[in-house]
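Hi,

Here is the structure I promised to pass on. Have a look at it first, and then read my notes below with the viewer open.

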Amino acid sequence: MLSTKSPTKEELAAASGKTVPDIIAPGLKTLFCGINPGLYTAAKGHHFARPGNRFWPTLHAAGFTPEKYQPHQENELLQLGYGITNVVERATASAAELSKAELIEGGITLVEKVILYQPQVLALLGLGAYRVAFGKATADIGLQEQTLGQTRLWVLPNPSGLNAHFPPKKLAAVYRDLREFVYQLEG
């Protein structure tokens, strides 16, 4: 049975440094890439599990999913041609706890993963993390010039509820731009 109970303080503390398995397969349309799992996500064992995170509602609002998925439905993304990974695997209370070196190392590992799995698009969810991990200080939201083999790179805003620069409708609009690009790639 699915637990809807929030993790306790002890469970959150124990989640520090844990990882959440990738949702990945070869040849995906889009591999969504978070910065790193938060403690709530690691405690639950599902990506973007914190109730205030807007990833799942935004995917639906942008047309990626036929309904608003819940974090425990993450594996169903594979059937639609989508997956999830992170730049840095270890869970922290905040992405601000990650060092520049850790983000750069995570970027190198991510490139290796992308070359192995060859998604059509790698969608990085966080402009600041992309800038650091890939050494692209002037990058902006949207399609990037850089590619990883045949994989196109697209930077999206972080879907955290704390990202006040992108309220839900604006967030859905920029995610919809990616969905339309992916549809064009499919022909």
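How many of the five residues of β1 are buried? Five of the five are, so β1 is largely enclosed by the rest of the structure. Before you go further, keep in mind that this is a predicted model.

**The sheet**

Let's stay with β1 for a moment. T30, F32 and G34 point one way from this strand, L31 and C33 point the other way, and all are buried. That fits a general pattern: in a regular strand the side chains alternate between the two faces of the sheet.

Now zoom out. β1 belongs to an open sheet of five strands, in the order β2-β1-β3-β5-β4, and the pairing is mixed. At the edges sit β2 and β4, each of which pairs on one side only. From one strand to the next, the twist averages 25°.

You can walk across the sheet pair by pair:

- β1 and β2 run parallel and are joined by five bridges. L31 stands opposite G83 in β2, and the partner of F32 in that strand is I84.
- β1 and β3 also run parallel, with four bridges joining them. Here F32 has A123 in β3 as its bridge partner.
- β3 (residues 121-125) pairs with β5 in the parallel sense over five bridges. A123 turns up again, with W154 in β5 as its bridge partner.
- β4 (residues 142-148) pairs with β5 in the antiparallel sense, over four bridges. Opposite W154 in β5 you'll find L143.

So how is β5 itself placed, mostly covered or not? Strand β5 (residues 151-156) is mostly covered, with five of its six residues buried. β5 also forms a hairpin with β4, with two residues between them. Look at G149 in that turn: its phi is positive, about 65°.

One residue in β2 is worth a click too. N86 is found in that strand, and it counts as buried because its relative accessibility is 8%, while the cut-off for buried is under 20%. Leaving aside its neighbours within four places in sequence, N86 is in contact with D22, C33, G34, I35, N36, P37 and H47. You have already met C33 and G34 among the buried residues of β1.

**Helix α5**

Next, try helix α5 (residues 100-117). Does its length make sense? At 1.5 Å a residue, its 18 residues should span 26 Å, and the end C-alpha atoms are 25 Å apart, which agrees.

Which residues of α5 are buried? They are L103, G106, G107, L110, K113 and V114. These cover an arc of only 125° around the axis, which puts them on the same side of α5. The spacing is easier to follow if you remember that an α-helix has 3.6 residues a turn, so residues three or four places apart point the same way. On the other side of α5, A101, E105, E112 and L116 are exposed.

What covers the buried residues? For α5, the cover includes all five strands of the sheet you just walked through, namely β1 (30-34), β2 (82-86), β3, β4 and β5, together with α6 (127-134). Just after α5 comes Q118, whose phi is positive, near 50°.

The meeting of α5 and α6 is a nice one to rotate on screen. Their axes come within 7 Å and cross at roughly 80°. The two helices are therefore roughly perpendicular to each other. K100, L103, I104, G107, L110 and V111 in α5 meet A129, V132, A133 and F134 in α6.

**Helix α7**

Last stop: helix α7 (residues 168-186). The length check works here as well, as 19 residues at 1.5 Å each should span 27 Å, and the end C-alpha atoms are 27 Å apart, which agrees.

The buried residues of α7 are L171, A172, V174, Y175, L178, R179, F181 and V182. What covers them includes β1, α3 (55-61), β3, β4 and β5. After α7 comes G187, whose phi is positive, near 85°.

If you only have a few minutes, start with β1, where all five residues are buried, and then follow the strand order β2-β1-β3-β5-β4 across the sheet. After that, turn to α5 and compare its buried residues with the exposed ones on the other side.

Cheers

Key:
Residues numbered from 1 in each chain as written. Predicted model: local features only at pLDDT ≥ 70, side-chain atom pairs only at ≥ 80, totals over all residues. Heavy atoms only, no water. Buried < 20%, exposed > 50% of the residue type's maximum accessible area, 1.4 Å probe, protein only. Pairing = 2+ DSSP bridges. Expected span 1.5 Å × (residues − 1). Arc of directions from axis to C-beta. Contact = heavy atoms within 4.5 Å. Axes fitted to C-alpha atoms, helices over the stretch in contact; angles between N-to-C directions. Parallel < 35°, antiparallel > 145°, perpendicular 65-115°, else oblique.
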